[in-house]
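Trainee: Could you walk me through this one and explain how each label gets decided?
Mentor: Sure, pull it up and ask away.

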Amino acid sequence: MYEFRLLGPLEALIDGNPVNLAAAKPRALLALLLLHRNRVVPTEKLIDELWGDEPPARATKTLQVYVSQLRKELGPERLLTRAPGYELRVAEDELDVDRFEKLVAEARERMAAGDAAGTVEGMRRALAVWRGPALLEFRTEPFAERAAARLEDLRLAAVEDLLHAALEAGEAAAIVPELEELVASNPLRERPRELLMLALYRAGRQADALELFRHTRELFVSELGIEPGASLRELEQAILRQDTELLRSIPASGASPAESRPHRRLALWVLVGVAALAAAGIVAALLVHDGGSNSRITTTADLQVRSFVYKLENFLVQSHDGRAQVTRAIAGAFDCSLTPDVAAAQLDQVQRNRQSLLEQVAALNVPDSEGALQASNLFQKATHASIKADWIYRDWLRTRTACPRGGHPPAAARAADARATALKRRFLVVFDPLAKSFDRRVWNANEF
């Protein structure tokens with residue numbers, strides 16, 4: 001019996017006995033193959049993910065040595081050579097990631113059925129599969145950052161669903177400390193704040209709930225330059241008028257950490273629209289032409305996602321132009337082709353354009369699918385983080401009276417840049433597969 005574990009330190013066990021995986025690169029190779037389990041991973045992709053831009057001189061041969069070492073430990077029937085690369089066979093329930101996702105899906109089914117207490121129990125079982133941060137030992141490897149971010153988003157969504165279910169089970173006062181901790185560790189994530197506001201209100205702490213919204217607004221405006229989302233604003237208004245609906249159960253997210261009331265309204269609109277089409281005798285499957293010779297049959301839901309991808313792609317094009325302007329302005333300040341004041345003014349202009357872009361993104365109808373909801377949420381977070389980084393550059397330039405030739409950007413700007421880049425990569429992990437599914441171009445984190 002085989003067991004593989006990624007949700008914590010990497011482990012592989014055969015009949016309960018740990019597999020000897022001492023060297024760093026073979027361990028990284030196993031982690032990478034587990035992330036792409038039951039699929040052929042091309043040799044070139046493995047080399048790129050393991051070594052990035054600096055592969056060893058005989059990378060293919062070195063990779064073959066690592067594969068041989070893994071085969072010796074796991075067995076030749078597990079790790080197969082299949083053109084143009086290798087495939088790791090993993091059966092159902094052998095990988096902790098699969099077990100976690102299965103338990104989460106089962107718990108969400110209970111929530112959909114109205115079993116809040118059963119959802120709490122199921123989510124706790126799912127989260128117990130985690131033994132620590134995923135892929136922590138591989139964070140210096142090119143592949144690990146994106147994968148770790150995706151897994152962490154899944155974990156956070158499950159934690160939020162657990163606390164949501166506990167709230168619906170009547171445990172409002174009991175879960176306030178857990179929600180406060182979750183808000184503190186994820187200060188820019190809106191859903192924990194929404195749940196905490198509702199928990200405080202149901203626990204008879206209306207003033208505290210409203211104070212939380214005021215603090216949230218101050219944080220978002222100062223850190224991101226935007227107002228809280230529509231869902232939080234609607235909740236504040238409902239608390240102010242003491243809406244009796246707040247004492248009733250609210251729908252579970254069921255699929256995505258980014259879901260909110262506007263998204264649920266969109267999902268209802270889609271269902272009504274599909275029902276109307278069916279009633280009119282119109283076939284829900286439509287033939288879509290993407291402007292070329294390829295055609296494919298797609299559902300109405302697919303059309304919604306396709307429209308979303310095209311619109312978000314347009315936003316990326318606009319964001320790409322802004323990124324180019326920012327790069328030129330900062331470079332001009334450091335090579336003295338621009339004065340600090342002029343460079344700061346150019347950054348101001350880009351920021352005004354970006355605020356308009358954010359308003360357009362916030363108004364975008366997002367399909368009720370996990371990929372689209374995550375892409376929308378992460379794109380907004382990445383854009384906010386990028387704006388924050390550029391503000392730091394702008395404010396620093398305003399303090400300069402002469403060209404900073406030979407100098408270095410402030411440490412705060414470099415740190416903010418790194419955070420923005422990390423969020424962009426997390427967004428692209430979700431968006432690029434969506435774009436490829438509709439034959440659209442894929443993006444890199446330095447392009448927007």
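**Labels and the values behind them**

Mentor: Gln318 has a relative accessible area of 32%, so it counts as partly exposed. Keep in mind that this is a predicted model.

Trainee: What makes 32% "partly exposed" for Gln318?
Mentor: Buried means under 20% and exposed means over 50%, with partly exposed in between. Gln318, at 32%, falls in that middle range, so partly exposed is the label. Gln318 sits in helix 12, and its C-alpha atom is 8.2 Å from that of Phe448, although the two are 130 residues apart along the chain.

Trainee: How much of the chain is buried?
Mentor: Of the 448 residues, 48% are buried. The chain has 15 helices and eight strands.

Trainee: Why is Val19 called buried?
Mentor: Its relative accessibility is 12%, and the cut-off is under 20%, so Val19 is buried. You'll find Val19 in the loop between strand 3 (17-18) and helix 1 (24-35). Setting aside neighbours within four places in sequence, Val19 is in contact with Ala12, Leu13, Ile14, Glu73 and Leu74.

Trainee: Is Arg27 buried or exposed?
Mentor: Arg27 comes out at 15%, which is under 20%, so it counts as buried. Arg27 is in helix 1. Again leaving out neighbours within four places, Arg27 is in contact with Leu10, Leu21, Ala22, Glu137 and Phe138.

Trainee: How do you know that Cys336 and Cys403 form a disulfide?
Mentor: The rule asks for two cysteine sulfur atoms within 2.5 Å. The sulfur atoms of Cys336 and Cys403 are 1.5 Å apart, so the pair passes. The two cysteines are 67 residues apart: Cys336 is in the loop between helix 12 (300-334) and helix 13 (340-362), while Cys403 is in the loop between helix 14 (370-398) and helix 15 (411-437). By this rule the count is one disulfide.

Trainee: Why is the disulfide called left-handed?
Mentor: The torsion about the S-S bond of Cys336 and Cys403 is about -70°, so the disulfide is left-handed.

Trainee: Are those two cysteines buried or partly exposed?
Mentor: Cys336 is at 29% and Cys403 is at 30%. Partly exposed runs between 20% and 50%, so the label fits Cys336 and also Cys403.

Trainee: What makes helix 1 and helix 3 roughly perpendicular?
Mentor: Their axes cross at roughly 75° and come within 10 Å. Angles from 65 to 115 degrees count as roughly perpendicular, so helix 1 and helix 3 earn that label. Helix 1 brings Lys25, Pro26, Leu29, Leu30 and Leu33 to the contact, and helix 3 brings Leu63, Tyr66, Val67, Gln69, Leu70 and Leu74. By class, that is nine nonpolar, one polar and one charged residues.

Trainee: Why is helix 6 called roughly perpendicular to helix 15?
Mentor: Helix 6 (residues 144-168) and helix 15 pack at about 75°, with axes 9 Å apart. That angle lies in the 65 to 115 range, so helix 6 is roughly perpendicular to helix 15. Glu145, Arg146, Ala149, Arg150 and Asp153 of helix 6 meet Ala422, Arg425, Arg426 and Val429 of helix 15. By class, this contact has three nonpolar, no polar and six charged residues.

Trainee: Which residues have the most contacts inside the largest nonpolar core?
Mentor: They are Leu6, Leu29, Leu30, Leu34, Phe100, Leu135 and Phe143, in a core of 83 residues. Helix 6 gives the most to this core, with 13 residues. Another core, of 23 residues, lies apart from it and includes Leu316, Phe431, Ala445 and Phe448.

Trainee: What makes Leu135 buried?
Mentor: Its relative accessibility is 2%, and buried means under 20%, so Leu135 qualifies. Leu135 is in the loop between helix 5 (116-127) and helix 6.

Trainee: What is phi for Leu135?
Mentor: It's near 60°, a positive value in a residue other than glycine. Most residues other than glycine have a negative phi, and most peptide bonds are trans. Asp93, not a glycine either, has a positive phi of about 70°. The peptide bond from Ala83 to Pro84 is cis, with omega near 5°.

Note on methods
Residues numbered from 1 in each chain as written. Predicted model: local features only at pLDDT ≥ 70, side-chain atom pairs only at ≥ 80, totals over all residues. Heavy atoms only, no water. Helix = DSSP H or I, 4+ residues; strand = E, 2+ residues; numbered from the N terminus. Buried < 20%, exposed > 50% of the residue type's maximum accessible area, 1.4 Å probe, protein only. Axes fitted to C-alpha atoms, helices over the stretch in contact; angles between N-to-C directions. Parallel < 35°, antiparallel > 145°, perpendicular 65-115°, else oblique. Contact = heavy atoms within 4.5 Å. Nonpolar A, V, L, I, M, F, W, Y, C, P; charged D, E, K, R; others polar. Core = buried A, V, L, I, M, F, W, Y, C linked by side-chain atoms within 4.5 Å.
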